[in-house]
Amino acid sequence: MSKKVLTPTAVLITGASIGIGEALAREYAGPSRFLALSGRHQERLKDVANACRGFGADVEAKVVDVADRDAMARWIKAVDAKHPLDLVIANAGISSGSGGRGESETQARDIFAVNLAGVLNTIWPAITPMRERGTGQIAIVSSVAAFRGLPGAPAYAASKAAVKNYGEGLRGWLAADGIGVSVICPGFVHTRMTEKNIYPMPFLMDANKAARIIRKGVERNKPRIAFPWPTYILAWLAGALPPGWTDAVYNRLPKKD
Ligand SMILES: NC(=O)c1ccc[n+]([C@@H]2O[C@H](COP(=O)([O-])OP(=O)(O)OC[C@H]3O[C@@H](n4cnc5c(N)ncnc54)[C@H](OP(=O)(O)O)[C@@H]3O)[C@@H](O)[C@H]2O)c1
């Protein structure tokens, strides 16, 4: 029996100004669809919004920092009041961008503020009205980096592990309220975040292809949308093994940019 396909009318996407978020905005853009898009870079966000309008979508673009809890709550509540949201994609995220030197303490704190607190600031203002309506969907962008602590990117991997586990827990908790939750774990995707990487990135994927995979998975309310499968299997296996068995390998890997 085929699973029910969820087709959202009003979608909110953070980090939509470039990369996977931009590809998702274009993927969801179409007639009879409202898109609320956010990012920090006004010009890039405006270009993405205009491109989505060109595909027939009704678009509101907002420059807002996901780490700013009050601003996010104000924006999302106002959007939801006009266009009741049925899908919220918490996509905005950062890595250290350290030029191969790893994460400083400041970078580690910034990463947690955006990748962890930023996800909470995105989903909670939507969960409350979704619960009242008894329907809605949340998608959280984690990473295959979530499956094991990474010496080259400790805060990044930890922030992704936190939102992965949080999303998995929320899924069971919110099911009774009619809200679906999917956790997205991409491998390497060609974006601004990865283009600085100085090491080989196996199975590097185009952002548009990633967006198509994500949309398909979200439409089926899949609990975990992890891809490409070879990267996922390797990451999962590495996480399942005792850390002492894999430390020697992981400690030699280059530091993430
Ligand atoms: N690329 C990969 O290989 C990969 C793999 C696994 C998971 N991911 C995850 O996928 C998500 C998107 O990454 P990407 O590769 O598309 O990176 P990207 O090209 O650097 O895009 C990141 C997006 O997040 C936004 N953003 C960053 N900090 C923000 C903040 N404080 N407030 C609001 N928006 C903010 C950026 O907006 P502005 O530039 O306008 O600030 C941009 O739109 C991230 O969560 C990342 O961790 C990526």
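**Close-up 1. Helices α4 and α5 pack against each other in this predicted model.** Helix α4 covers residues 105-133 and helix α5 covers residues 154-175; their axes lie 8 Å apart and pack at an angle of about 15°. Because angles under 35 degrees count as roughly parallel, α4 is roughly parallel to α5. If you follow how one helix passes the other, you will find a right-handed crossing of α4 with α5. On the α4 side, look for residues including F112, L116, V119, I123 and W124, which take part in the contact with α5. The α5 side contributes, among them, Y156, A162, V163, Y166 and W173. Sorted by class, the contact of α4 with α5 holds 18 nonpolar, two polar and two charged residues.

**Close-up 2. Helices α1 and α2 meet in a second helix pair.** Here the axes of α1 (residues 19-28) and α2 (residues 42-54) come within 9 Å, and they cross at roughly 20°. That angle makes α1 roughly parallel to α2. The crossing of α1 with α2 is right-handed. Which residues meet in this view? From α1 come E22, A25 and R26, while α2 brings V48, A51 and C52. By class, four residues in the contact of α1 with α2 are nonpolar, none is polar and two are charged.

**Close-up 3. The ligand sits among 31 surrounding residues.** The closest of these residues are S17, R40, R44, Y156 and T191. Start with S17, where an N or O atom of the side chain is 2.7 Å from an oxygen atom of the ligand. For H41, by contrast, look to the backbone: an N or O atom there lies 2.8 Å from a ligand oxygen. K160 uses its side chain, with an N or O atom 2.8 Å from an oxygen atom of the ligand. Two residues in this view also appear in Close-up 1, as Y156 and K160 are among the α5 residues that meet α4.

**Close-up 4. Two backbone details are worth a visit, at P228 and F203.** As background, most residues other than glycine have a negative phi, and most peptide bonds are trans. The peptide bond from F227 to P228 is cis, with omega near -15°. P228 belongs to the loop between β9 (224-227) and α8 (229-240). Now turn to F203, a residue other than glycine whose phi is positive, near 55°. You will find F203 in the loop between α6 (192-195) and β8 (205-206).

Terms used:
Residues numbered from 1 in each chain as written. Predicted model: local features only at pLDDT ≥ 70, side-chain atom pairs only at ≥ 80, totals over all residues. Heavy atoms only, no water. Axes fitted to C-alpha atoms, helices over the stretch in contact; angles between N-to-C directions. Helix = DSSP H or I, 4+ residues; strand = E, 2+ residues; numbered from the N terminus. Parallel < 35°, antiparallel > 145°, perpendicular 65-115°, else oblique. Left-handed = near helix turned anticlockwise from the far one by under 90°. Contact = heavy atoms within 4.5 Å. Nonpolar A, V, L, I, M, F, W, Y, C, P; charged D, E, K, R; others polar. Near = heavy atom within 4 Å. Polar contact = N/O pair within 3.5 Å; in protein donor to acceptor, adjacent residues only side chain to side chain.
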